[in-house]
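Please look through the sequence and the model below before reading on. The paragraphs that follow lead from one part of the fold to the next.

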Amino acid sequence: MMRLRTFQRLSIIATLGLASIAHAQNDTQNDARNDAPRGAQAPREKPAFPSLRFNDRSNGEKAVRNLGAALPAVAAHYGKTPEEFRRQLLEDRSVWLDKEGRVFFVEAPLGAEITSGSDLAPPGAVYPLDQTFFLHSRPSSKRKIYLDFNGHRTSGTSWNRSYGVDPIVSPAFDLDGIPSTFNSTELGVIQNVWRRVAEDYAPFDVDVTTEEPPADQMTRLSSSDLTFGVRVVITKNFTASTPRGNCGCGGFAYLGVFDSTSESGKPAFVFYDNLGSREKAIAEAVSHEAGHTVGLSHDGTSTTGYYSGHGTGPTGWAPIMGVGYSRELVQFSKGEYYNANNKEDDFAMMHGNGVSVAVDDFGNTFETAATLAGTAQNGLNSFGVKGVVESPADLDVFRFTSGIGTVSISATPFERSPNLDIVIRLHDASGNVIASANPLDYLNGSIGFSVPTAGTYYLSIRGTGKGNPLSTGYTAYGSIGRYAISVSAPLTAN
């Protein structure tokens with residue numbers, strides 16, 4: 001790593017502690033459909049990549065012509081049919097082939113989208129400043145997405161060959177023109193970019209971190225090596241002074257290299273100076289470029305390579321692999337919006353490239369419900385819990401006791417750039433739904449319900465969609481992520 005700035009390391013490591021922290025009908029007890037692959041498994045065995053050599057990189061029709069009879073083999077390597085891959089090359093002008101026929105994305109300039117959005121959250125650090133470069137979302141995970149704000153030296157990669165520069169010297173993140181230190185504003189932006197990206201990847205078994213992992217945790221040595229990751233370098237655009245010329249882009253990344261046994265297609269780059277140096281824009285770009293490395297292609301329409309979404313306010317929606325700079329709710333997608341040009345299942349594609357759904361943190365049935373331990377005060381029991389909805393089918397169920405009187409429940413998604421639209425339900429001891437909440441234009445929910453008898457009650461939480469995804473709504477597919485629940489219930493009589 002190239003340390004262009006100095007920062008004192010302390011022994012405290014800030015972590016999120018993720019494991020601790022269409023609507024369903026009244027069949028919650030039987031609704032345990034969490035059949036997605038979970039945990040750090042071996043990625044799919046990709047078909048061998050053919051040996052190719054071209055004079056220069058290419059895109060569009062030229063790329064299709066260059067591949068010729070090799071196109072089906074290259075498509076299969078990337079998990080696509082020949083027809084899907086050919087259409088992608090012809091329609092998405094940001095898709096390129098390098099001299100070996102490998103796919104990479106050079107993101108189109110998106111200045112209007114960047115300036116039209118708002119960060120919609122207060123600036124500033126939320127953790128002690130001395131913890132900024134030791135943040136982890138899942139520190140025990142074998143898979144890493146390292147957000148490198150510290151400067152990096154890239155040598156011997158496809159990027160060096162493509163741009164005719166070796167090494168590529170990437171300066172550290174710098175907003176004040178003083179490259180030797182980070183000020184409090186810069187540290188706050190770094191923390192909050194990390195928080196947003198960590199939320200995007202919270203349901204998956206991958207550690208989003210600002211602390212550089214050891215080399216052996218990032219480099220995959222063979223197909224049997226289950227510990228690996230990718231670096232995303234957040235830096236200034238270096239391409240203007242290269243023989244290739246200025247990309248004018250917000251970043252670039254190779255497709256499907258997260259689990260590669262070669263480091264040639266790494267790292268991915270995000271150019272914050274081309275993104276208005278804005279926290280939200282940087283974070284959206286980081287999640288997007290990291291998405292390419294785990295096999296995801298662009299979500300667009302028949303007329304644009306990047307879909308910028310629809311709707312307004314907290315439920316204004318866009319896909320992560322489109323462009324979400326101007327929307328509040330930005331989720332993974334499988335192309336269920338109007339005129340979508342990419343129907344790939346993001347979660348299945350990620351799994352095939354080394355990032356799987358995390359192990360479920362809470363039970364999905366009344367039998368496996370987690371029992372909430374309350375704190376008694378002033379005649380009430382207070383319960384609190386944090387968790388993660390890890391998949392569209394995930395249902396987290398909790399058990400608590402209440403005396404006669406009003407039970408108050410509040411459920412909120414993560415406080416910065418949440419991905420989860422919550423529906424909560426209160427159930428009686430037999431599992432019947434007796435109250436529920438899912439505000440139409442908001443992601444959180446609250447219940448106030450007077451229970452008629454003392455005893456055991458259940459609370460369930462899951463992700464949900466909104467309205468018609470073909471107009472201004474969205475499905476429950478990408479409604480996954482972190483939440484916090486608080487419950488207040490009357491004490492039971494002694």
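What covers the buried residues of H3? In this predicted model, the cover includes helix H1 (60-67), helix H2 (71-77) and the strands S1 and S2. The buried residues of helix H3 are Phe85, Gln88 and Leu89, and, seen down the axis of H3, they fall within an arc of 95°, so they line one face of the helix. The spacing agrees with a general rule: an α-helix has 3.6 residues a turn, so residues three or four places apart point the same way. Helix H3 itself, residues 82-91, lies across S1 and S2 and runs at about 105° to S1.

These two strands lead into an open sheet of 7 strands, whose order is S1-S2-S8-S9-S7-S3-S6 and whose pairing is mixed. At its edges stand strand S1 (95-97) and strand S6 (207-209), each of which has a single partner strand, so one side of each is left without a neighbour in the sheet. From one strand to the next the twist averages 20°. Moving inward from S1, one finds strand S2 (residues 103-106) paired with strand S8 (residues 251-254) in the antiparallel sense over 3 bridges, with Phe105 standing opposite Ala253 in S8. Helix H6 (residues 184-200) also packs on the sheet, where it touches strand S3 (143-148) and S6, and its direction makes about 170° with that of S6.

Strand S8 is covered on both faces, for Gly251 and Ala253 on one side and Phe252 and Tyr254 on the other are all buried. Beyond its pairing with S2, S8 is joined by 2 bridges to strand S9 (residues 268-271), and these two strands run antiparallel; here Gly251 stands opposite Val270 in S9. Aromatic residues of S8 appear again in a cluster, in which ring pairs link Phe104, Trp159, Tyr163, Phe238, Phe252, Tyr254, Phe269 and Phe271.

Charged side chains add further links, and the structure holds 14 salt bridges. One of them is formed by the side chains of Glu344 and Lys80, with 3.2 Å from N to O. Glu344 lies in the loop between strand S11 (329-331) and helix H8 (346-352), whereas Lys80 lies in the loop between H2 and H3, so the pair ties together parts that are 264 residues apart in sequence. Both Glu344 and Lys80 are buried.

Within the 7-strand sheet, Lys144 forms a salt bridge with Asp207, and the closest N and O atoms are 2.9 Å apart. This pair links distant parts of the chain, with Lys144 in strand S3 and Asp207 in strand S6, 63 residues apart. Lys144 counts as buried at 5% relative accessibility, and Asp207, with a relative accessible area of 0%, is buried as well. Strand S3 also contributes Asp148, which is linked to Arg231 in strand S7 (residues 228-235), 83 residues apart. The two form a salt bridge whose closest N and O atoms are 2.7 Å apart, and Arg231 and Asp148 are both buried. Salt bridges that share partners join Asp148, Glu212 and Arg231 into one network.

Elsewhere in the chain, 5 strands form an open sheet in the order S12-S15-S20-S17-S18, again with mixed pairing. Its edge strands are strand S12 (370-371) and strand S18 (433-437), each of which pairs on one side only. S12 and strand S15 (residues 396-402) pair in the parallel sense over 2 bridges, and Thr371 stands opposite Arg399 in S15.

Which geometry do the aromatic pairs show? A pair of aromatic rings is described by the distance of the centres and the angle of the planes. The structure holds 32 aromatic pairs, among them that of Tyr307 and Tyr337, which is stacked, at 4.3 Å centre to centre and with 5° between the planes. Tyr307 lies in the loop between helix H7 (279-293) and strand S10 (317-319) and Tyr337 in the loop between S11 and H8, so the pair ties together parts that are 30 residues apart in sequence. Tyr307 is buried, with a relative accessible area of 15%, and Tyr337 counts as buried at 3% relative accessibility. The pair of Phe383 and Phe400, by contrast, is tilted, at 5.6 Å centre to centre and with 50° between the planes.

Definitions and conventions:
Residues numbered from 1 in each chain as written. Predicted model: local features only at pLDDT ≥ 70, side-chain atom pairs only at ≥ 80, totals over all residues. Heavy atoms only, no water. Pairing = 2+ DSSP bridges. Helix = DSSP H or I, 4+ residues; strand = E, 2+ residues; numbered from the N terminus. Axes fitted to C-alpha atoms, helices over the stretch in contact; angles between N-to-C directions. Contact = heavy atoms within 4.5 Å. Buried < 20%, exposed > 50% of the residue type's maximum accessible area, 1.4 Å probe, protein only. Arc of directions from axis to C-beta. Salt bridge = Lys/Arg side-chain N within 4 Å of Asp/Glu carboxyl O. Phe/Tyr/Trp six-rings, centres within 6.5 Å; stacked < 30°, edge-to-face > 60°.
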